[in-house]
Amino acid sequence: MKLCPNCKAELDENAHFCLRCMTSLEEKEQIQPPVYKTRRWPLVVLCSLLLVALVLVIVCSDSAISENASQSGTAEASSAAAQTTEVSREPITTVTQTVDGVRYTFRPATGEDHPTAVNLHNCYVLIRVEGTPPDGVYRVPSFVNDNTNTLVTVIADGAFSGTDARVIDLGYNVCFVWGDAFGGYPLTDLHLHEDVFIDLMAFSGCTEHFIIHCPDYLENKEGSLWSDLAADYGFRWQDALI
């Protein structure tokens, strides 16, 4: 005989369940729940991709920062070089000379001032005239401060604009007269001693009473005689021995 584990009723030895409470007398096999193995490789791959992406972002950022720093450094260097160049640039040196109470100011000539000059080291440009000569004749010096190594070869645009010049003697070395060099005043007389190119603007204020004084063989550096050009321009020409 055996007892029911639930209601304690006496049961037959071969009974499989209790007739009173219907409790099963067979031992239940404990079934273990299945164990599922977690696959870790997708997580590993994802983490690896994220790590690679982070590294790329850091590298690109560093590269961009380095490039910007390089450009900034180049710009600063260029700016510094420009500033250095600007600071080291020498000012234009001017020289003054007084003749008959008239103050003449000169500066060294450049290639633009004197296109045909072989050596510009001894060429000067008359840039400003101040004052009035006692006899009314403006005599442009042939040399700067009587130094025979410094030739006055060019009259700049507007050089006589501060005067009321009527009679001008260009001296023996002037080769070019640019722009409205005579200041737009109606000249009455212009004395030439060398072949010289004179911009037509210089004669803008002149009338038919204007006279060019020069030898008959002097030219305007383009092969035309001044004696012929005077008639072409409506001026007068008068022979003058040098």
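**Entry 1. Terms and model**

I take helices (H or I, at least four residues) and strands (E, at least two) as DSSP runs, numbered from the N terminus. I note at the outset that the model I examined is a predicted one.

**Entry 2. The loop at Glu194**

I first looked up where Glu194 is placed. I found Glu194 in the loop that lies between strand 11 (189-191) and strand 12 (197-198). Is Glu194 buried, partly exposed or exposed? I recorded a relative accessible area of 37% for Glu194, which makes the residue partly exposed. I then listed the residues that Glu194 touches, leaving aside those up to four places away in sequence: Tyr172, Asn173, Val174 and Leu218. I also took the C-alpha separation between Glu194 and Tyr217, which comes to 9.6 Å, with their positions 23 residues apart along the chain.

**Entry 3. The chain as a whole**

I counted 2 helices and 14 strands in the secondary structure of the chain. The chain has 242 residues, and I noted that 31% of them count as buried. For the accessible surface of the chain I obtained about 15900 Å², and 55% of this area belongs to carbon and sulfur atoms. I also looked up contacts in the chain with a separation of 6 or more: residues 24 or more positions apart account for 39% of them.

**Entry 4. The open parallel sheet**

I next traced a sheet of 5 strands, which is open, has parallel pairing and follows the order 6-9-11-13-14. Which strands stand at the edges? I identified strand 6 (137-139) and strand 14 (236-238) in these places; each has a single partner strand, so one side of each lacks a neighbour in the sheet. On average, neighbouring strands of this sheet are turned by 15° against each other, with direction ignored.

I followed the pairing at strand 14 further. Strand 13 (residues 211-213) pairs with strand 14 in the parallel sense, and I counted 3 bridges between them. Opposite Ile211, I found Arg236 in strand 14. I then looked up what lies across strand 13 and strand 14, and found helix 2 (residues 226-233) there. Helix 2 runs at about 155° to strand 14.

**Entry 5. A nonpolar patch and helix 1**

I searched the surface for nonpolar patches and noted one formed by Leu51, Leu54, Val55, Ile58 and Val59. Together these residues offer about 450 Å² of accessible area. I placed Leu51 in helix 1 (residues 41-88). Leu51 has a relative accessible area of 55%; I class the residue as exposed because the cut-off for that class is over 50%.

**Entry 6. Salt bridges**

How many salt bridges does a search of the whole structure find? I obtained 5. I examined Glu130 in some detail. Glu130 is joined by a salt bridge to Arg103, with 3.7 Å between the closest N and O atoms. Since Glu130 belongs to strand 5 (residues 123-130) and Arg103 to strand 4 (residues 102-108), the pair ties together parts that are 27 residues apart in sequence. I recorded both partners as partly exposed, with Glu130 at 34% relative accessibility and Arg103 at 39%.

Glu130 also forms a salt bridge with Arg128, where the closest N and O atoms are 3.8 Å apart. Arg128 is partly exposed as well, at a relative accessible area of 38%. I noted further that salt bridges with shared partners join Asp100, Asp135 and Arg139 into one network.

I then turned to Asp113 and Arg107, whose side chains meet in a salt bridge of 2.8 Å, N to O. Are Asp113 and Arg107 buried or exposed? Asp113 counts as buried at 11% relative accessibility, and Arg107 counts as buried at 18%. I checked these two values against the cut-off, because buried means under 20% relative accessible area.

**Entry 7. Val95 in strand 3**

Finally, I looked up Val95, which lies in strand 3 (residues 95-99). Which residues does Val95 touch, not counting those up to four places away in sequence? I listed Tyr104, Thr105, Phe106, Tyr124, Val144 and Asn145. For Val95 and Asn145 I took the separation in space, which is 8.6 Å from C-alpha to C-alpha, while the two residues are 50 residues apart in sequence.

Terms used: Residues are numbered from 1 along each chain as its sequence is written. This is a predicted model: local features need pLDDT of at least 70, side-chain atom pairs count only at pLDDT 80 or more; totals for chains, interfaces and linings use all residues. Side-chain values use heavy atoms; hydrogens and water are left out. Two strands pair if DSSP finds at least two bridges between them. Axes are lines fitted to C-alpha atoms, for helices over the stretch in contact, and angles run from 0 to 180 degrees between N-to-C directions. Contact means heavy atoms within 4.5 Å. Patches are made of residues with over 30% relative accessible area and no salt bridge: like charges are joined within 9 Å, nonpolar side chains (Val, Leu, Ile, Met, Phe, Trp, Tyr) within 5 Å. Accessible areas come from the Shrake-Rupley method with a 1.4 Å probe; for residues, only the protein chains shown count as cover. A salt bridge is a side-chain nitrogen of Lys or Arg within 4 Å of a carboxyl oxygen of Asp or Glu. Buried means under 20% relative accessible area, exposed over 50%, partly exposed in between (1.4 Å probe, protein chains only).
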